[in-house]
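Q: Could you take me through one part of this model up close? I'd like to see what surrounds it and how the pieces beside it fit together.

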Amino acid sequence: MLVSPKPKHALRNILAAGAVLLLLVILAFAFRSQILTGIADYLIVSDKLEPADVIVLLNSEVNTRPFRTSELYQQGLAPVIVIARSESTPTVDLGLVPNDTDVSVAVMEKLGVPADKIVILPFPGGVTSTFDEATAIRQYVIAHQTHRIILVASAFQSQRARWIFEKVLAGLPVTLEMAAVPYAGFDQTNWWKNETGLITLNNEYIKWFYYLFKYR
């Protein structure tokens, strides 16, 4: 015959569990900055860069990525910059706004990168994801016997970008170096205080889990 625990013991267990939960909440609040910074740090991969055969610029973030890419080129870290052409949206097709790739190229040329040192890779329909860009770069690597790549990606994107590029380039004798580009207005130490930072990190984790599921 089963005997129900005494009410006093049950109450004691509930109070103990509540005390532990409260302690965890207090600790999480006290160390919230370290915890939130760690959540962002996990996404960031930034290598000590060495001279490479090519600098690969990922599309988007035109106010940061092409600027950093131009700096790396001016430092002599690679003789050529490669970017895959981005998909054209309906507004691009109407001539109302430029294609992201064209904006990035214009920024780099404005900053002194010679036009003949920028290679725009064609891609059926234009690239729409980091996976598409990795696929386009794989074709370039094979055609040009490339052995070392500097990959320019935004900070929170860098972990996912490295993962998918290494997966797509598997089997090729290529070394990948990550150049993680800081964001304008926030970084891993304060992203939760900035609306754009909050959205950017949230979206990146969604993409990261999606990539792990789709391309595993």
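A: Happily! In this predicted model, the cover over the buried residues of helix 7 includes helix 6 (130–144), strand 4 (148–154), strand 5 (175–181) and helix 8 (195–214). Helix 7 itself runs over residues 158–168, and its buried residues are Ser158, Gln159, Arg160, Ala161, Ile164, Phe165 and Val168. As a general rule, an α-helix has 3.6 residues a turn, so residues three or four places apart point the same way.

Now follow Arg160 across to helix 8, where you will find glutamate 204. Arginine 160 and glutamate 204 are 44 residues apart in sequence, yet their C-alpha atoms are 8.4 Å apart in space. Setting aside neighbours within four places in sequence, glutamate 204 is in contact with Arg160, and also with Leu43, Phe156 and Gln157. Is glutamate 204 buried or exposed? Its relative accessibility is 5%, and because buried means under 20%, glutamate 204 counts as buried.

For another helix contact, turn to helix 3 (residues 65–74) and helix 5 (residues 100–110), which pack at an angle of about 40 degrees with their axes 9 Å apart. Helix 3 and helix 5 are therefore oblique to each other, and helix 3 passes helix 5 in a right-handed crossing. On the helix 3 side, Pro66, Phe67, Thr69 and Ser70 meet Ser104, Val107 and Met108 of helix 5. Sorted by class, this contact of helix 3 with helix 5 has four nonpolar residues, three polar ones and no charged ones.

Key: Residues numbered from 1 in each chain as written. Predicted model: local features only at pLDDT ≥ 70, side-chain atom pairs only at ≥ 80, totals over all residues. Heavy atoms only, no water. Buried < 20%, exposed > 50% of the residue type's maximum accessible area, 1.4 Å probe, protein only. Helix = DSSP H or I, 4+ residues; strand = E, 2+ residues; numbered from the N terminus. Contact = heavy atoms within 4.5 Å. Axes fitted to C-alpha atoms, helices over the stretch in contact; angles between N-to-C directions. Parallel < 35°, antiparallel > 145°, perpendicular 65-115°, else oblique. Left-handed = near helix turned anticlockwise from the far one by under 90°. Nonpolar A, V, L, I, M, F, W, Y, C, P; charged D, E, K, R; others polar.
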